[in-house]
Each structure stands twice: as C-alpha cells, then as structure tokens.
Amino acid sequence: MYGKMHSACLYGIEGVMIGVEIDLANGLPQTNIIGLPDSAIREAVERVRAAVKNCGYRYPQQRVTVNLAPADLRKEGSAFDLAIALGILTTSGQLVMPEAEKLLLIGELALDGSLRPVTGVLPMVEAARRGGFRAVLVPLGNAAEAALISGITVYAIEHLRQLPQPEQESVMNLADTAKRSGVEQQIVSVNTMGVDESSGSVETKSCLPIGLAAAEAVAVTKETVLQNPLPFPVSVSSGLANSERPPVMALTLDHLKYIPAVMYEGSVLTADNGMLEDYSDVLGQNHVKRALTIAAAGMHNIILMGPPGTGKTMLIKRLPSILPPLNDSESLEVTKIFSAAGKLKDAHSGLLRGRPFRSPHHTISAAGLIGGGGIPKPGEVSLAHRGILFLDELPEFSRNVLEVLRQPLEDRVVTISRARAAFTFPAQFLLACSMNPCHCGYLGSGGLQQRCTCSPARIAQYRSKISGPLLDRIDMQVDVPRPKDWGGEGPSLSSAEIRAEVLKAQAIQTERYKALPISWNSELSGAALRRYAGLGREGTLMLHTILESLGLSMRAHDRIIKLARTIADLEGSVDIVSAHLAEAVQYRNLDRQLMTED
C-alpha cells in the first residue's frame, strides 16, 4: 500500500516542497523515516504514533516506510508531523483525502494529537502557491501567517480530533435512520453538507476516493441530523452489506476554513511593532538632522561621533520615523525573513510595513551578526534587510565581528557555505553607527570640567577597531558636538517635516529607476552611476582635487557622487552642482581628521 502527501521545509529563507511518501508492507512492525531527516524528524515517529492512538485511530502494525523527497536535500524541523500522520491514516484506509495532491500539510503534533505552530510558514505557503497548490492545512497558531499569502485557501485545525473519528456513525447508519423515519432516499452529487432551512432537510455531499463507486447520499430531516451529528461526510462503496462496510472517513475541510482579520496597512510600525518617537524631542542638532535626512533619502550608511550625552543614540533611534514604508514586494520579502527566523510576533497585523530596526549588543558574535548554524539561519544583517542596522558604540564591537560587515555592505547579500550546500540571505540595509571620539569620550568636547585623559597611543588603539576598508564603506561621518545653546538652535524639526522631504526624494528616485532593479541612489554602480549621477567638467575637476588632497579611494569617489545625487534630489535639482558635491565631501569628517593626524 502506497500513499503520498505534500509538506514543505525551509532552505535558507525560501520554502521548498517536500513529498511525504508512505509505504505499508508486511513484516515486523516498525517505522523508518528516510530522505536525510534530522533528529527532530526522526523523533516524529513516536509523536505521530502517540497522537494517532490517542485520537482514536489505529496505528498500522506493519512495516511503515516514510520517504521525504527529494532525498538528497537535508530536512530539519517538526513541520512534517501532520503530513506523516495523515499519510499513514490514508494509506492504511482509515481516512480518505480526495484532493491531497493539491493540499499542503504543515504542523507539529503533540502526543495528545493537538497541533503546535512551526516557524517559516510564510515562505512555505508562498512556495506552495508558486507550485500550483490550491490549499494549505496548518495549525491554528499559524493560520494568520499563512493567510498573508493571497491566492491560496488556508485551513486551520487545533487537534487531530477535528478529523472524522472511527467511532462516529457512517452515512449508512444515517440512511437507515432516514428510512425508519419514512424519508425517501436520494442520490446526489455534491461537495459539502448543509441544512436547507425552508425544507428542513440536509444534503450530505462527499468526494469519492479512487476505486470506490458513487457515493450514497441521503436527504434526512433536520432533527435527524441534529441527533446524529457528522462533522464530515463519509464515502462508502455500494453493493456491500452493512456489516462488510468499514468506517472509512472522507476528509473535507470547508468548515475549517480560516478567515483572516482585516489587515493593518499602517506605515508607522517598525518590524517589531515598536512605537516610534519623534525628532521634535531632540533639541538643536539641526545639522545632524540634515545628515540623517540625506541618509534616509538615499539609504546611505552613516556614523555619528561625539562626546557622551550629545544625543547620538537618541537621534539614530528616531531614524525609522522618517523612512518611507515598505512597498508590497519589499514587505513580503522582509516578512518572509522574520518568519524563517521565527521572529514574526503578530501575523494578525498583516505583512510588516515598517522598515526593520535592529540594534544588537556589542557582545554579539560574527555568526549572530551574519547568520550561521549547522543549517544556517538569518543573522542580524538579514533581519535588518530593507531597514536599519544600528551598532551603538561601534569600537566596543570585536574587530573580527566588524570585519564580516565588509562583504554584505558591498554586495548586499550574505552567502554562507556549508559542506552540503550554500545559503544566500539578502542583506540590503542602512548601517547606522555611533561612537565616542576616544576611550574616555571627551576628546575635543571643549568642556572645562571634563577633559580628555587619553594618550595619543590609547586614542589610536581605540579607533583602530574600525578598519580603513570598513570606514571607506560608510558614506557619512558626522560630528555631534556638545550643544552650546541648551534652548535649542531655533525651532526643532519634527519627524513629519523631515519625512515629507524624504518621501519627495524617494518619489524622484522611484520614477528615475523604474526600469532598473534598484530603488535608491546608494545602489547605483557602473554605467548606471555615470548615466544618472554624471558630473560636469567643473564638478569633476573639483572632486578630483578633493580626492587628491584627502587621499580618498575610488570607492569613496563613487560614494561621494551618490551622496551628492541624493542631496540634489532633496533640493529638487536635476543636475549635480558644486554645492551638492561640497556638502557631500563635508560628511567625510573622519577621513579629514585621519589625514590631519597623518
């Protein structure tokens, strides 16, 4: 006896369809799972066995072989439990699922038969939709997440007892009751069971398994159905005596359909649904707000440097409040990453519309930042995809950890190779950092009571944590001095005012790059950079002179041009003029300081 169900697993952050094949053969009672399963999948044997028995079904006393295809792909997790259980029930003849070929089964089983939610349902369901599946059956805890994918029907159950039970009456018993009640038997061809309020009758509808004759369906009184409740219609073969007809249950899922709540389409929530704060809370520091406006408008990397207590962290933590919301494709991409990482907290609110803001502690490891594991999972750089990665007190991070940022900052993806496979995670983020000018923090603060006590050697050692190649990839390096006027420097700009400027610049970039696979000025490179951010003769000479005097690299040359392009967009200018270049160069503060020290 052979049967097949369909489930899925994760490969990186993408879902992969897995065929769950069941074979029952004569021999000593044992169950084997093959197809490169991990420990959690091998232990599914005992979970499924206990769940099937505790829900009133019979576990086959035969040799059971479960194959997870394709066999050369490593599988992990507990999402196959439901598919294995239903596959065994259908193959052993205890359950009939006529449309199993187009139904995806995902879920972990408890020993009592209840279903527990699993991680990564969103990318699995999306892969099922691409593969032509029409429906998916998931635990109730994953229903809201699965319903985020349109174009596929989502069913949800909490327990295997919601499936038809062997001890329930069959349609034949119901037919006998109808005959005794004097109701004429009818043969109908139907799919669901419903009550006709006008006539007081019920139509029982079922789909037949292959090899069975036409279903015997009856019309009975409403009172009879209420006395003999059947949550699922039952398909049986005709021409057999009542005692010869086994109780075969046909599984239809119409009454289990999950109806998702109204999706929240707001754009003021971050990926972790945190409340945003406003830039009007920050007194003064308008030049830093200007720099952050440019960074948000073009998704440029930025570092703030200044004494403690000047508002560096406060300013960066309000950066999400001026970023534009995610579009539909970006929203699905970000939500898939959080789902694969098991960090999608509330799927009832819909797809994540706010850009992620990740702020890991400086004790994080390289694997935690980039991603890793036996079967790699997304790290912080991928969780910050399309959003912000904030590294507070940058020199406190291990240098080895910081150096692994160089490749994702350049390529915008992370590739993690293992012996069996290589996994690629997206990592397109805005890097925002803060740091003190020295170890004690008061170098150049100008305070009479707090003066720097660090020696030149100690200052050099402190700054050496940030290598030249990493600093070269940070477009904007801004000083945040101690404010002189505690009353502020005039009216404090609010997040709404700054965000309006950012949205205008984003609209210009969206229109400009609509024919290209990019969205921001920071993504320009090669021919696209020369085409959309070309400099005139005067601008080219000016930039070359600056590069020679500061000793900047060609990477810094391109980043200054891209930054100037964003400044021009904020001003509504089609061309990049000398003023835009001059302002862009002013944001290379650390390069100028290092040049002066040399």
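Biologist: Which strand gives the largest share of the lining of the second largest pocket?

Modeller: This is a predicted model, in which local features need pLDDT of at least 70, side-chain atom pairs count only at pLDDT 80 or more, and totals for chains, interfaces and linings use all residues. Residues are numbered from 1 along each chain as its sequence is written, and side-chain values use heavy atoms, with hydrogens and water left out. In the second largest pocket, the largest share of the lining is four residues, and they come from residues 2–11, which form strand S1 (strands are DSSP runs of E with at least two residues, numbered from the N terminus).

Biologist: How much space lies in the second largest pocket?

Modeller: A pocket is an open set of points on a 1 Å grid over the protein atoms alone, with protein on both sides within 12 Å along at least five of seven lines. Grid points are joined across faces, edges and corners, and a volume is the space filled by probe spheres (1.4 Å) set on the points. For the second largest pocket, this space is about 390 Å³.

Biologist: How many residues of the lining of the second largest pocket are nonpolar?

Modeller: The lining has 26 residues (each with an atom within 4 Å of a point), and the closest to the centre of the pocket are Leu10, Arg74, Lys75, Glu76 and Ile375. Ala, Val, Leu, Ile, Met, Phe, Trp, Tyr, Cys and Pro count as nonpolar, Asp, Glu, Lys and Arg as charged, and the others, Gly among them, as polar. Of the lining residues, seven are charged and four are polar, while the number of nonpolar residues is 15.

Biologist: Over how many bridges do S1 and S2 pair?

Modeller: Two strands pair if DSSP finds at least two bridges between them. S2 covers residues 14–25, and its pairing with S1 is antiparallel. Glycine 3 stands opposite isoleucine 22 in S2. The number of bridges between S1 and S2 is 10.

Biologist: Which residue in the turn of the hairpin has a positive phi?

Modeller: The hairpin is formed by S1 and S2, with two residues between them. The phi in question is about 75°, and the residue in the turn that has this value is glycine 12.

Biologist: Which residue in S4 is the bridge partner of isoleucine 22?

Modeller: S2 also pairs with strand S4, residues 63–69, in the antiparallel sense over seven bridges. In S4, the partner of isoleucine 22 is valine 66.

Biologist: What is the omega of the peptide bond from alanine 69 to proline 70?

Modeller: Most peptide bonds are trans. Proline 70 lies in the loop between S4 and helix H3, residues 81–91 (helices are DSSP runs of H or I with at least four residues). The bond that leads to proline 70 from alanine 69 is cis, and its omega is near 5°.

Biologist: What is the phi of glutamine 285?

Modeller: Most residues other than glycine have a negative phi. Glutamine 285 is found in the loop that runs between strand S14 (249–250) and helix H8 (286–298). In glutamine 285, phi is positive, near 55°.

Biologist: Which residue in S19 is the bridge partner of arginine 358?

Modeller: An open sheet with parallel pairing has five strands in the order S16-S19-S22-S15-S23. Its edge strands, each paired on one side only, are S16 (357–358) and S23 (476–479). S16 runs parallel to S19 (residues 388–391), and two bridges join them. In S19, the partner of arginine 358 is leucine 389.
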